[in-house]
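Welcome! Here is a short tour for anyone meeting this structure for the first time, from the overall picture down to single pairs of side chains.

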Amino acid sequence: MRLPNGYTLPATIAIVLHITAILAVVNIWQKEHQPPIKATPDYVKAKLIALKPAANKPATAKKPPAQKPPQPDKDKLAEQKAKEAAKRKAEAEKQKHIQQEKERKAQQAKLKKQQEEKARKAKLKQEKLKKQKEEQARKAREARLKEEKLKKQREEKAKREREARLKREREEKQRKQQEVAKKAQEAELAALLAEEEEAEENARIAATQAEKVTAIVGVITQTVQNYWSRPPTARRGMQVVLQIQMVPTGEVINVTVTQSSGDSTFDRAAVRAVEKAGRFPEVRQVNSATFERDFRTMRFVFRPEDLTG
């Protein structure tokens, strides 16, 4: 593992201190748990001797003399101590090696754990970022769907409003057309009725005017006859045609011979008869149209045997 610059010396010192402390602890532990040295006993050679009991007198056993314990061999003891010291040293070295191995493995495990933790955190971070991105994408998708839904709703609403407006306009146009058609039919019917009434009125007026014209013509003829005096030169078969002109008041303003009888006396007699009559106020009873048609200009035919007008 590479350490950052500036941490190499402190790390080395820390490792040395740890190793020194560990060795001191191991040394103390070995001294406390060092097995006690057993003293090797000295062997004493003895010989069994048979004792005879004393007659009628209890024999009193004599105590054997006390023997001193054999002294251990000093060389063997030294050798034994050297072996045990070497054994303890080897054990200490072994324990030291085991401890170092444990520390190395612990350090490796620690580094591995740190790397795993780092990898786990990095993975969690990536997963978190991935989830955040997915959440942002989800929210963006939901917002887009919501906006599309709102847009579709606005379009449908606008479409419904446009269709409703067009329907109202069609209905209003149709209503106006029907109203116009109805008014046209009513006007046409009214016009027909008016025409019929006018025709009836005109017919009635025409009939009335015709009756009046006939009566007025009769009056005019009778008036001219009253003023006509048949001349002596008049003969059967003679005929003179006069054209007279009147104004709406019935006054005669002009008399013209349009067809002579061939007898000037007879012709003048006819003209004088009209001029004497001079005015026919009865024509004021007719309307202007009837006057223009029937009385503005009149034609008179005089015959000696039957004066007609």
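The accessible surface of the protein chain comes to about 25,600 Å², and carbon and sulfur atoms account for 55% of that area. Please keep in mind as you look around that this is a predicted model. Of the 309 residues in the protein chain, 14% count as buried.

How is the protein chain built up? Its secondary structure consists of four helices and three strands. Starting at the N terminus, the elements follow one another in the order α-α-β-β-α-α-β. Contacts also link distant parts of the sequence: among those in the protein chain between residues at least 6 apart in sequence, 74% join residues at least 24 apart.

**The strands**

A good place to begin is strand β1, which covers residues 240-246. Five of its seven residues are buried, so β1 is largely enclosed by the rest of the structure. Strand β1 pairs with two other strands. With strand β2 (residues 252-259) it runs antiparallel, joined by six bridges. Here Met-246 stands opposite Val-252 in β2. The two strands β1 and β2 form a hairpin, with five residues between them. In that turn you will find Gly-250, which has a positive phi of about 95°.

The other partner is strand β3, residues 297-302, which is also joined to β1 by six bridges and runs antiparallel to it. If you would like a pair to look for, Gln-245 has Thr-297 as its bridge partner in β3.

**The nonpolar core**

Which residues have the most contacts inside the largest nonpolar core? That core has 28 residues, and the ones with the most contacts inside it are Ile-220, Leu-242, Met-246, Phe-280, Phe-295 and Phe-302. Two or more residues each come from α2 (74-227), β1, β2, α3 (264-277), α4 (288-295) and β3. Helix α3 gives the largest share of this core, with seven residues.

Ile-220 makes a nice starting point for exploring the core. Leaving aside neighbours within four places in sequence, Ile-220 is in contact with Met-246, Phe-280, Val-283, Phe-295, Met-298 and Phe-300. Met-246 thus turns up again: this residue, which stands opposite Val-252 in β2, is also among those with the most contacts inside the core.

**A nonpolar patch on the surface**

Nonpolar side chains can be found on the outside too. Leu-9, Ile-13 and Leu-17 form a nonpolar patch on the surface, with about 320 Å² of accessible area together. Leu-17 belongs to helix α1, which spans residues 8-32. Is Leu-17 buried or exposed? Its relative accessible area is 56%, over the 50% cut-off, so Leu-17 counts as exposed.

**Salt bridges**

Side chains of opposite charge can pair when their charged atoms come close. How many salt bridges does a search of the whole structure find? The search finds 14. Three of them are set out below, each with the distance between its N and O atoms.

| Salt bridge | N to O distance |
|---|---|
| Glu-117 and Arg-120 | 2.3 Å |
| Arg-138 and Glu-135 | 2.1 Å |
| Arg-175 and Glu-179 | 3.2 Å |

Each of these pairs can be placed along helix α2. Glu-117 and Arg-120 both lie in this helix, three residues apart, which is about one turn. Arg-138 and Glu-135 are also three residues apart in helix α2, so about one helical turn separates them. For Arg-175 and Glu-179, the spacing within helix α2 is four residues, again about one turn of the helix.

And how open to the surroundings are these residues? Glu-117 is partly exposed, with a relative accessible area of 28%, and its partner Arg-120 is partly exposed at 40%. In the next pair, Arg-138 has a relative accessible area of 28% and is partly exposed, while Glu-135 counts as partly exposed at 31%. Arg-175 is partly exposed as well, at 40%, and Glu-179 is partly exposed at 34%.

The pair of Arg-175 and Glu-179 also belongs to a wider arrangement: Glu-172, Arg-175, Glu-179 and Lys-183 are linked in a network of salt bridges.

Methods. Residues are numbered from 1 along each chain as its sequence is written. This is a predicted model: local features need pLDDT of at least 70, side-chain atom pairs count only at pLDDT 80 or more; totals for chains, interfaces and linings use all residues. Side-chain values use heavy atoms; hydrogens and water are left out. Buried means under 20% relative accessible area, exposed over 50%, partly exposed in between (1.4 Å probe, protein chains only). Two strands pair if DSSP finds at least two bridges between them. Patches are made of residues with over 30% relative accessible area and no salt bridge: like charges are joined within 9 Å, nonpolar side chains (Val, Leu, Ile, Met, Phe, Trp, Tyr) within 5 Å. Accessible areas come from the Shrake-Rupley method with a 1.4 Å probe; for residues, only the protein chains shown count as cover. A salt bridge is a side-chain nitrogen of Lys or Arg within 4 Å of a carboxyl oxygen of Asp or Glu. Contact means heavy atoms within 4.5 Å. A nonpolar core is a set of buried Ala, Val, Leu, Ile, Met, Phe, Trp, Tyr and Cys residues joined through side-chain atoms within 4.5 Å.
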